[in-house]
Amino acid sequence: MLTKKIFAVAGNPAGESYYPHLFRLFSGHDDHIYTRISASDVEEAFVTANLAGVSGLNMAYPFRISAMDFTDRREANAENICAVNTITFSADGKTGYNTEFTAIKKFILRRFGRDTGRAVIMGTSEDSVAVACGLTSLGWDVVILNRTLVEAVECAVKCGAQAGEYNSLEKYTSGAKILVFADTFRNFQEKFISCIGDIPVLFLNSQYSTNEIICNADLNIIPSDDFILEQAAASYSIFTGETVDDDTLYRARDFMHSAHCRKNIFSFIGFSGSGKTLYGRSLAERTGRRFVDLDEEIEKQYGKSIPEILEGDGYDAFSRLEERILENICAMQQETVVACGCDTVLSSVNRELLKKFTYPIWLVSNSEMLLKKRCLYDYRLEPGISMIDTINRLFEGRNENYAQVAELVIKSDSSNIEKISDRIFHEVNSRYFF
């Protein structure tokens with residue numbers, strides 16, 4: 001039985017999200033757990049969230065529009081914007097929210113107060129609609145520009161804005177108080193710079209930091225960190241019912257830039273048969289790291305098989321040896337991939353080691369798949385309890401411990417081993433680590 005609520009952000013990729021770090025800072029205590037889910041599509045994200053026992057889910061790009069179809073109800077703003085980025089799970093079903101709408105309002109009020117004016121938005125993504133709706137609700141005059149006028153009009157109708165084409169930017173920037181780039185920067189052209197002048201510019205997509213044209217231009221760029229923080233704070237409040245105070249938000253600005261640290265060790269955690277050894281070995285080969293199977297290392301150092309250790313010396317002796325071996329691996333800080341045992345996370349010592357020194361990847365599988373892999377041969381069935389029920393009970397007893405440790409969750413019961421290996425490699429090969 002879970003004693004803590006588990007929340008997650010789902011994306012493709014998900015490894016670069018600041019949200020887990022921010023939620024931990026917002027919380028200030030250990031009542032909630034927040035992790036990341038890597039999924040190839042929205043359906044897989046929801047299935048994985050269900051397997052992991054998630055109570056709330058944030059949807060990263062590009063899942064926000066298609067996530068609408070997987071919710072049972074939407075709050076009014078999300079319905080109008082036609083995109084959800086925050087979803088709560090309950091016995092009554094899944095409810096979708098759009099926190100970008102809330103975030104842009106708070107962001108604008110903090111920066112401009114109750115003053116209004118013209119805002120020009122470049123692009124017609126779901127971000128554009130959310131931002132435009134938030135601005136118009138504050139009384140701003142909003143213009144949405146796009147490469148094609150038809151798409152701009154379709155977007156503008158949803159939020160009571162004007163519409164135009166990119167090549168008319170100069171016409172609308174005269175007197176504008178803010179310019180928002182809500183699309184990817186394949187659409188950012190050098191000719192835009194002469195039209196922008198000193199107008200404050202907000203880039204919602206983090207690609208601006210690596211775009212050569214933007215980096216070389218003398219633009220009045222508004223840091224997007226505050227907007228990200230407002231979104232995270234809004235989601236946190238929806239999930240927990242708690243409000244993030246201004247002092248915490250202020251501290252979080254600096255925290256965001258120190259949160260992503262490189263780890264030399266990747267660890268795989270999860271239930272028996274979830275693929276920890278298979279995918280751990282694959283990642284080690286692809287990244288040039290040494291591979292350690294914790295169970296095999298225990299047997300090698302003890303000179304007995306694990307069943308023999310458990311039967312002859314007891315679980316406590318096994319657990320102490322496992323803790324010592326894991327501690328030695330972490331202390332060496334060599335570039336390593338570790339496949340943990342099913343019960344490794346049951347030890348509080350191991351959980352702290354994994355969180356502090358490794359980047360833990362939790363592999364989840366459904367009970368039917370684990371049953372096909374004959375993963376219960378070491379577990380005694382209670383009279384009248386089916387094997388499926390036994391697995392599900394074991395899941396419930398371990399999921400909270402897995403979630404407390406995990407930085408990334410991946411559904412591993414697909415028959416396409418190469419696809420899962422590629423996704424794991426894609427996640428860890430992002431700039432977050434290297």
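Begin by selecting helix α2, whose buried residues are V42, E44, A45, F46, T48, A49, L51 and A52. The model on your screen is a predicted one, and this helix is a convenient place from which to start walking through it. Eight of the eleven residues of α2 are buried, so the helix is largely enclosed by the rest of the structure. Look next at the two ends of α2: at its start, a side-chain oxygen of D41 reaches to within 3.3 Å of the backbone nitrogen of E43, while just after the helix G53 takes a positive phi of about 75°.

Now display the strands that α2 (residues 42-52) lies across, which are β1, β2 (32-38), β3, β5 (86-90), β6 (93-97), β16 (358-364) and β17 (408-411). Relative to β3, the helix runs at about 155°.

Widen the selection to the sheet itself, an open one of eleven strands with mixed pairing, whose order is β4-β6-β5-β3-β1-β2-β17-β16-β13-β15-β14. At the edges stand β4 (73-74) and β14 (290-293), and each has a single partner strand, so one side of each is left without a neighbour in the sheet.

Within this sheet, select β1 (residues 5-11) and β3 (residues 54-59), which run parallel and are joined by five bridges; V9 has its bridge partner in β3 at N58. Then turn to β2, which runs parallel to β1 and is joined to it by seven bridges, with I33 of β2 serving as the bridge partner of I6. The pairing of β2 with β17 is also in the parallel sense, over two bridges, and here S38 is partnered by I410 of β17.

How many of the seven residues of β2 are buried? Seven of the seven are, so this strand is largely enclosed by the rest of the structure. In a regular strand the side chains alternate between the two faces of the sheet. Colour H32, Y34, R36 and S38 for one side of β2, and I33, T35 and I37 for the other, and you will have marked two covered faces on which these residues are all buried.

From I37 you can move on to the largest nonpolar core, which has 48 residues and in which I37, L57, M59, I269 and W362 touch the most other members. A second, separate core of 31 residues includes I81, F101, I144 and I222. In soluble globular proteins, nonpolar side chains tend to be buried together. Centre the view on L57 and, leaving aside its neighbours within four places in sequence, you will find it in contact with A8, A10, I37, A45, F46, A49, N85, T86, I87, F89 and F239.

For a single loop residue, select T71, which is found between β3 and β4. Is T71 buried or exposed? At 8% relative accessibility, T71 counts as buried. A polar atom of its side chain lies 2.8 Å from the backbone oxygen of M68, and, apart from neighbours within four places in sequence, T71 is in contact with V84, I87, K94 and G96.

Towards another part of the sheet, select helix α12 (residues 276-287), which lies across β13 (265-270), β14, β15 (336-339) and β16 and runs at about 165° to β13.

Finally, zoom out to the whole protein, which has 19 helices and 17 strands, and in which 54% of the 434 residues count as buried. Among contacts between residues at least 6 apart in sequence, 66% join residues at least 24 apart.

Methods: Residues are numbered from 1 along each chain as its sequence is written. This is a predicted model: local features need pLDDT of at least 70, side-chain atom pairs count only at pLDDT 80 or more; totals for chains, interfaces and linings use all residues. Side-chain values use heavy atoms; hydrogens and water are left out. A nonpolar core is a set of buried Ala, Val, Leu, Ile, Met, Phe, Trp, Tyr and Cys residues joined through side-chain atoms within 4.5 Å. Buried means under 20% relative accessible area, exposed over 50%, partly exposed in between (1.4 Å probe, protein chains only). Contact means heavy atoms within 4.5 Å. Helices (H or I, at least four residues) and strands (E, at least two) are DSSP runs, numbered from the N terminus. Two strands pair if DSSP finds at least two bridges between them. Axes are lines fitted to C-alpha atoms, for helices over the stretch in contact, and angles run from 0 to 180 degrees between N-to-C directions. A polar contact is a pair of N or O atoms within 3.5 Å; within protein, one must be able to donate a hydrogen and the other to accept it, and residues adjacent in sequence count only if both atoms are side-chain atoms.
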